[in-house]
Amino acid sequence: MSAGAADRLGGMRSLLATVSDLHDTLALLQWDQQTCMPGAAAGGRAEQLATVSRLAHERSTDPELGRLLEALEPEADPETDDGALVRVALRDFRRATRLPSELVEDLARATALADSAWAAARQASDWGRFAPHLERIVALVRETAEAYGFEEHPLDPLIDIHEPGMTRARLAAVFAELREALLPMVRTVAEQPDGREAPLHGDFDEAAQEAFGREVVARFGYDWRRGRQDRAVHPFCTGIGPDDVRITTRFDRTFLQTALFSTLHEAGHAMYEQGVSRAYARGALAGGASTGVHESQSRLWENQVGRSRAFWRAFYPRLRELFPAALQTVELEAFYRAVNRAAPTPIRVEADELTYNLHVLLRFELEAGLLEGSLAVADLPEVWNARMAEYLGITPAGDAEGVLQDVHWSSGAFGYFPTYTIGNLLSAQLFEAALAARPEIPEEMERGAFDALRAWLAEHVWRHGRKYDPDDLVTRATGRPMEPGPYLRYLREKFGELYELPVEVAAEA
Ligand code: ZN
């Protein structure tokens, strides 16, 4: 590398470190807002967030940063850390500078108004209150897609923000395969008598719930010296630098599942952040490869691990010890069946592993239709309900538990929903690859140990941060790009046994 290049690299790193510090500061302000900020501080906090956001945007679009990155690009070898840093930072820079500032402002204003309108509309289950706001947002999101540029479909550049390299067409093929395999399974499960979830309802002391979650994620390998757990209405994980990755949860005294699985889920996100190479701190390679890859880590620990028989063989005795009254008559097998109960529900966030991706499919199809203009906002509730009936066999009681249930569209987040399904698919694909490489994993899990699994994930996923794009990362880790096969194998095996599905329903096509 030339002396000039070394200087440019140093200059770029210093500018990126400032951007990173500002983003971490925003994360800390937001964490505080959602966990412990006094309610009266909301107005002041909005100003602080706006100021730091503006500074972060100014620094990340600094023309000097652009000049350095453009000059460094021709020499950058993406196999090296420095080369990957230049590649990823240049992509971030181009994305941050591509939108005209009037469009950014229009969108910020429209989503701020839409957000309160959506909350009121959902409260009243009144679609008409939200529809005009969504009309405006769809128009602005469509403009955004055009400003980013696309060849095939306006959803492509929006998906690419969360999932570099992914397209609508590729997702459509994945969803078609999922749909064909899942519909008959869901239909057969829905015909069976329900009630398996009963052991999870009762009276469960919150302090004991909290103690159990903390013990489990410590065994997973969440580093409590570099993290903490607090309460939040909507659980989340936030990284404030490599030595401060926090999780939150929410407790329901009458339903054991809520805090338990949200804790395992958020710890999965957090271990990923804690496992990124320290060399990437304060730079563009810190963080996860994509939203979907991030979600694969939370789902893997929540589902592949936390809803497995092996896991509960290790941890059920301890859970019973903490809740003797509620669980003394519940056998391990009944508990395992309870945490894996599957049944169609109108609400996405309450959906189980079997039905979840059909909720995402529905939203993915509707978003594509809205953006390409083949679906009008006015027709949305009707189409929503028709697809719910087709995919899940149920009709929402009203728009509040139908088309108005999610916050995403009011905040302009089109192209985000598929990352949930990508997370599910990758959780199975990565877990399958880990099992093939380290066959001792199930036997370790039965002892409540996770060393081999953690080591495999750290080596093949976590340490790389954003160095590789999702397909590249997944191919290096599993030998193939993302595909639905492993997830479908996992579902067929698990639910085929749990629900005694007939071979023609649970067999591979
Ligand atoms: Zn998540």
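This is a short viewer tour of a predicted model, with stops at a helix, a small sheet, a zinc site and one aspartate.

**Stop 1: helix α2**

Start by selecting residues 42-60, which make up helix α2. If you like a quick sanity check, put a distance between the end C-alpha atoms: they sit 26 Å apart, and 19 residues at 1.5 Å a residue should span 27 Å, so the two agree.

Now show side chains for Arg45, Leu49, Val52, Ala56 and Ser60, the buried residues of α2. Turn the view until you look down the helix axis. The buried residues fall within an arc of 75°, so they line one face of α2. The background is familiar: an α-helix has 3.6 residues a turn, so residues three or four places apart point the same way.

What covers that face? Among the elements over the buried residues of α2 are α1 (3-35), α3 (63-72) and α4 (81-98). Colour those three separately and keep them on screen for a moment.

**Stop 2: the three-stranded sheet**

Jump along the chain to an open sheet of three strands, ordered β1-β3-β2, with mixed pairing. Select 229-231 for β1 and 237-239 for β2; these are the edge strands, each pairing on one side only. On average, neighbouring strands here are turned by 25° against each other, ignoring direction.

Next, pick residues 245-249, strand β3. Which way does β3 run against each neighbour? With β2 the pairing is antiparallel, over three bridges, while with β1 it is parallel, also over three bridges.

To find the register, label a few pairs:

- Thr238 stands opposite Arg246 in β3.
- Gly239 faces Val245 of β3.
- On the β1 side, Asp230 stands opposite Thr248 in β3.

Follow the chain from β2 to β3 and you go round a hairpin with five residues between the strands. Stop at Gly241 in that turn, where phi is positive, about 100°.

Is β3 buried or exposed? Five of its five residues are buried, so β3 is largely enclosed by the rest of the structure. Show its side chains: Val245, Ile247 and Thr249 point one way, and Arg246 and Thr248 point the other way. That is the usual pattern, since side chains in a regular strand alternate between the two faces of the sheet.

**Stop 3: the zinc ion**

Select the zinc ion and its donors: NE2 of His265, NE2 of His269 and OE of Glu295, at 2.1 to 2.3 Å. Along the chain, the donors follow the spacing H-x3-H-x25-E. Two helices get tied together here: His269 lies in α10 (residues 257-275) and Glu295 in α11 (residues 291-305), 26 residues apart.

Switch on a surface and check how covered these donors are. His269 has 11% relative accessibility and therefore counts as buried. Glu295, at 9%, counts as buried too.

**Stop 4: Asp160**

Finish at Asp160, in helix α7 (residues 155-162). Its relative accessibility is 21%, so Asp160 counts as partly exposed; the cut-off for buried is under 20%.

Which residues does Asp160 touch? Leaving out anything up to four places away in sequence, its contacts are Arg95, Gly165 and Met166. For a last distance, pick the C-alpha atoms of Asp160 and Gly415: 8.1 Å separates them, although the two residues are 255 residues apart along the chain.

Terms used: Residues numbered from 1 in each chain as written. Predicted model: local features only at pLDDT ≥ 70, side-chain atom pairs only at ≥ 80, totals over all residues. Heavy atoms only, no water. Helix = DSSP H or I, 4+ residues; strand = E, 2+ residues; numbered from the N terminus. Expected span 1.5 Å × (residues − 1). Buried < 20%, exposed > 50% of the residue type's maximum accessible area, 1.4 Å probe, protein only. Arc of directions from axis to C-beta. Contact = heavy atoms within 4.5 Å. Pairing = 2+ DSSP bridges. Axes fitted to C-alpha atoms, helices over the stretch in contact; angles between N-to-C directions. Donors = N, O, S within 2.8 Å, 3.2 Å for Na, K, Ca; no water.
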